[in-house]
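Hi,

Here is the structure I promised to pass on. Have a look at it first, and then read my notes below.

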Amino acid sequence: MNHLTGRAAIVTGGGRGIGRGHCLALAAAGARVVVNDIDADAAEAVVREIAEAGGSAIASTANIASRAGAEDLIAASVAAFGGLDILVNNAGNLRDRSFLKMSDEEFDQVWTVHVKGTFWCTQIAAARMRDQGRGGAIVNTTSGAHFGSFGQTNYAAAKGAIASMTYTWALELARYGIRVNAIGPTGTTRMSETFAGGTPLPYVDPTRNGALVVFLASDAARQVSGQIFGSGGTRVAHMVQPHYGKTLYREDGWTVEALEAVFIQQFAGEFGALGMLGQPYPFHEGVGPGERAVESAA
Ligand SMILES: NC(=O)c1ccc[n+]([C@@H]2O[C@H](COP(=O)([O-])OP(=O)(O)OC[C@H]3O[C@@H](n4cnc5c(N)ncnc54)[C@H](O)[C@@H]3O)[C@@H](O)[C@H]2O)c1
């Protein structure tokens, strides 16, 4: 499998979990890989694993939660491999707390790593790819949590922002031959251990997301940009971009009375699943203490 021979790839948060799987898959496909992680031992271990399998990789301990860290990371790829063709924004953290208790620090810590880390790494990498003049591929990491996830205001917001940045960058960077997609992966990892309020979930091999990342980074996906895919386990699923649905028009514009006359009748049937667990709309009888969505409290 030599889909990426000669390409240089960066994976943020590549030292463990899902990112480690991306690194192994990219290296097996012929890419030279920068394994980035703030955990130096974890990054070095993945570099050794790749070398033992005959691949090429270096470690970077840059903290992508700052512009300076992102600059160091892209510079490491340029220094070691002469440039950069693929960036996988995967690094992430969690600070779960129910909304009314969430602190500014908890919000900012998650927002900075996921959203600003993805923004900084991609802006610096894309400028480098533009200057190289040979295109490139960006793969961001979102999550079904951006549909709404109990106890994860910070994480859901960050993953929604990453989805919106993915759509926007696909539009802006196409002129340079740079494609931008995202995955919503799954896998049993340090991070997933905190999902579901501690309820054990079936084991899902986190390396199973790597093939999709290789495919999206390769020329086989040259017509794929601005798209998001759920992955992991045995599935790959297209995540549909939000778009306007049923639309009503009224010649003179809408009044409160006119809305009151038709709104529930016309729109209630449109209210689909709410939240990442895909539960049927829970509020058809109204919102109140007895009608709360049945999800675990954080
Ligand atoms: N595990 C899942 O089921 C799941 C589901 C949806 C989305 N995701 C996403 O997949 C990605 C990987 O998650 P995971 O489950 O493998 O988590 P993980 O905690 O096992 O691994 C994340 C890695 O990122 C590194 N990291 C954190 N902050 C960093 C920083 N500032 N700079 C560099 N490295 C940093 C950590 O040291 C760690 O090695 C995340 O973006 C996560 O939100 C995971």
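**What I found**

Val33 is a good place to start: leaving aside residues up to four places away in sequence, Val33 touches Ala9, Val11, Cys23, Leu26, Ala27, Ile50 and Ala57. Please keep in mind that this is a predicted model.

Val33 also belongs to the largest nonpolar core, which has 66 residues. Together with Ala9, Cys23, Leu26, Val35 and Val213, Val33 is among the residues that touch the most other members of that core. Helix H5, spanning residues 153-173, is the element that gives the most to this core, with eight residues. As a general point, nonpolar side chains in soluble globular proteins tend to be buried together.

Next, the ligand. There are 32 residues around the ligand, and those that come nearest are Gly13, Gly17, Gly92, Thr189 and Met191. Two elements, helix H1 (17-28) and helix H4 (104-132), give two or more residues to this shell. H1 provides the largest share, three residues. Sorted by class, the shell around the ligand holds 18 polar, ten nonpolar and four charged residues.

Finally, take a look at the hairpin of E7 and E8. Strand E7 (residues 228-232) pairs with E8 in the antiparallel sense, over five bridges, and Phe229 stands opposite His238 in E8. Two residues lie between the strands of this hairpin, where Gly233 takes a positive phi near 60°. How many of the five residues of strand E8 (residues 235-239) are buried? The count is zero, so to speak a strand that is hardly covered.

Happy to hear your thoughts!

Best wishes

Terms used:
Residues are numbered from 1 along each chain as its sequence is written. This is a predicted model: local features need pLDDT of at least 70, side-chain atom pairs count only at pLDDT 80 or more; totals for chains, interfaces and linings use all residues. A residue is near a molecule or strand if its C-beta atom, placed from the backbone, lies within 6 Å of it. Helices (H or I, at least four residues) and strands (E, at least two) are DSSP runs, numbered from the N terminus. Ala, Val, Leu, Ile, Met, Phe, Trp, Tyr, Cys and Pro count as nonpolar, Asp, Glu, Lys and Arg as charged, and the others, Gly among them, as polar. A nonpolar core is a set of buried Ala, Val, Leu, Ile, Met, Phe, Trp, Tyr and Cys residues joined through C-beta atoms within 7 Å. A residue is buried if 20 or more other C-beta atoms lie within 10 Å of its own, exposed if 12 or fewer, and partly exposed in between; C-beta atoms are placed from the backbone. Two residues are in contact if their C-beta atoms, placed from the backbone, lie within 7 Å. Two strands pair if DSSP finds at least two bridges between them.
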